[in-house]
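Here is a guided walk through a model, written for someone who likes to think about voids, surfaces and contacts. Have the viewer open and follow along.

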Amino acid sequence: MSRPQSIPGTHLFDGAAAMKGYALNKMCYSFNSAANREAFKQDEDGYCERYGLNAQQREAVRHRNVLELIAAGGNVYYLAKLAGIFGLDVQDLGAQQTGLSKDEFKAKLVAAGR
Amino acid sequence: MAKIVGAITTSHVPAIGKAIARNLQDDPYWKPFFDGFSQVHRWLERVRPDVAVILYNDHGLNFFLDKMPTFAVGAAPEYRNADEGWGIPTIPPVPGDQKLSWHLIERLVGEEFDITTCQEMLVDHAMTIPMALLWPGTGAWPVRTVPVCINTVQHPLPSALRCYKLGQAVGRAIEAYEEDLRVVVIGTGGLSHQLDGERAGFINKTFDLEFMEKLPVDPLWAARRSNHELVELTGTQGIELVMWLAARGALGGEAVTVHSNYHIPISNTAAGLMVMERRAA
């Protein structure tokens, strides 16, 4: 089956990503529970190991790097729960992914409304 | 017989929940957004719905990737909200309407929509924020609800046309319900936004405004597009506009816009709001 051309700067979370990122996303899904968020904070290595993250996923978590997390199969809805542990909101994530400061990223959003 | 009083479509950005909790409705950042709802409150007082059928997408509260239904219909006595991991306050449980749920389920499956049924179902911000926006205050909800969840997490997503047709089938099912209920159909999500990737922060005002203009009169203008095209035009999360198409589908025939509002930005999102009714014959 022919696939449409990719959209620049856009990563569709499809079956391939869902398989690749399963362990990482499952760990992030567990962060719906405050007790699990606390357990992660107490022992990040042990927590990642318990969910069976591969080396790429573990490094991406260590770097708190969204594009690396997506490349490792992460889905942004689950990643947002991980980001919440570090006190990061979706505008922090947007700024990091676009190489802008948070203020610059916010200004870009405001400009989109003009 | 049951009657559809109209459709409401609105964004469901989590930051709205934080703003409500902090009473920021009159803050300059938030005012243009919240002001859009006062006319909707008056409309709701006039049409007095008994039940809201709410088309929304779960973001990893009730459903994980272990089991990901394309379409899921709630059939629970009540729907609870829970911790989503990043700290918006939860809202009181929302009452269900199990009898109407099972009527919808029977009709939808009868029309070849092979849905998943849920007698227990946590509902996330995509349902609770619209509830809090439409019926602010006490949490003593004046409506019962039937949630209908559409997968926008994991591709392949159902096509926009399929979601529109699901909405049409929901509309037919409501109209065939024997009780004298007044039903509002709500679609939540969008409009254009993208949270992930190097294109994060993408917003498409031109497309959104045309979409809102076409939705009542020519829903196929958007519904006939592929998901790939819709993501390109509206962002990876902008695809949530399929909820708007589904809600529009429930109205059938021709519709008119009773009220609309559009404001950029709320968090990373172009926030849209519409109330539509059937065009009087």
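The second largest cavity has a volume of about 30 Å³, and the model in which it sits is a predicted one. Its walls are formed by Asp58(B), Phe63(B), Met68(B), Cys149(B), Ile150(B), Asn151(B), Thr152(B) and Val153(B). Sorted by class, that lining holds five nonpolar, two polar and one charged residues.

How many cavities of 30 Å³ or more does the structure hold? There are two, and the largest of them has a volume of about 80 Å³. To find this largest cavity, select Arg64(A), Val66(A), Leu69(A), Leu79(A), Leu82(A), Ala83(A), Phe86(A), Leu88(A) and Leu93(A), the residues that line it. Two helices of chain A, H6 (66–71) and H7 (76–85), each supply at least two residues of this lining. H7(A) contributes the largest share, three residues. By class, eight of the lining residues are nonpolar, none is polar and one is charged.

Arg64(A), one of the residues in that lining, deserves a second look for its backbone. Its phi is near 50°, a positive value in a residue other than glycine. You will find Arg64(A) in the loop between helix H5 (55–63) and H6 of chain A.

Now zoom out to chain A as a whole. Nine helices and zero strands make up its secondary structure, so to speak an α-α-α-α-α-α-α-α-α run when read from the N terminus. Along the principal axes, the C-alpha atoms of chain A fill a box of roughly 45 × 40 × 20 Å.Next comes the place where the two chains meet. Chain A brings 42 residues to the contact and chain B brings 39 residues. Between them the chains bury about 3500 Å², with 59% of that area on carbon and sulfur atoms. On the side of chain A, the residues that lose the most area to chain B are Ile7(A), Tyr77(A) and Leu109(A), which together account for 19% of what that side buries.

What about specific interactions across this interface? The count of salt bridges between chain A and chain B is one. In that salt bridge, the side chains of Arg37(A) and Asp83(B) meet at 2.9 Å, N to O. Polar contacts add to the picture: the rule finds 19 residue pairs across the interface of chain A and chain B, with both residues at pLDDT 80 or more.

Which elements of chain A give two or more residues to the side that touches chain B? They are helix H1 (15–20), helix H2 (22–30), helix H3 (34–42), H6, H7, helix H8 (90–98) and helix H9 (102–112). H7(A) supplies the largest share of that side, six residues. By class, the side of chain A that touches chain B has 21 nonpolar, 15 polar and six charged residues.

H7(A) also turns up in the largest pocket, where it gives the most to the lining, with six residues. The largest pocket has a volume of about 780 Å³. Its lining comprises 37 residues, and those nearest its centre are Asp89(A), Val90(A), Pro14(B), Ala15(B) and Ser267(B). Among the elements, H7, H8 and H9 of chain A and helix H1 (14–21) of chain B each supply at least two residues of this lining. The class tally for the lining of the largest pocket is 18 nonpolar, twelve polar and seven charged.

Finally, turn to the backbone of chain B and look for two prolines. The peptide bond from His155(B) to Pro156(B) is cis, with omega near 5°. Pro156(B) is placed in the loop between strand S7 (144–150) and helix H6 (160–175) of chain B. The peptide bond from Ile264(B) to Pro265(B) is cis as well, with omega near -15°. Pro265(B) has its place in strand S9 of chain B, residues 255–266.

Technical notes
Residues numbered from 1 in each chain as written. Chains lettered and ligands numbered in written order. Predicted model: local features only at pLDDT ≥ 70, side-chain atom pairs only at ≥ 80, totals over all residues. Heavy atoms only, no water. 1 Å grid on protein atoms, 1.4 Å probe; cavity = no way out; pocket = protein on both sides within 12 Å on 5 of 7 lines; lining within 4 Å. Points joined across faces, edges and corners; volume = space filled by probe spheres on them. Helix = DSSP H or I, 4+ residues; strand = E, 2+ residues; numbered from the N terminus. Nonpolar A, V, L, I, M, F, W, Y, C, P; charged D, E, K, R; others polar. Contact = heavy atoms within 4.5 Å. Buried area = accessible area lost by both parts, 1.4 Å probe. Salt bridge = Lys/Arg side-chain N within 4 Å of Asp/Glu carboxyl O. Polar contact = N/O pair within 3.5 Å; in protein donor to acceptor, adjacent residues only side chain to side chain.
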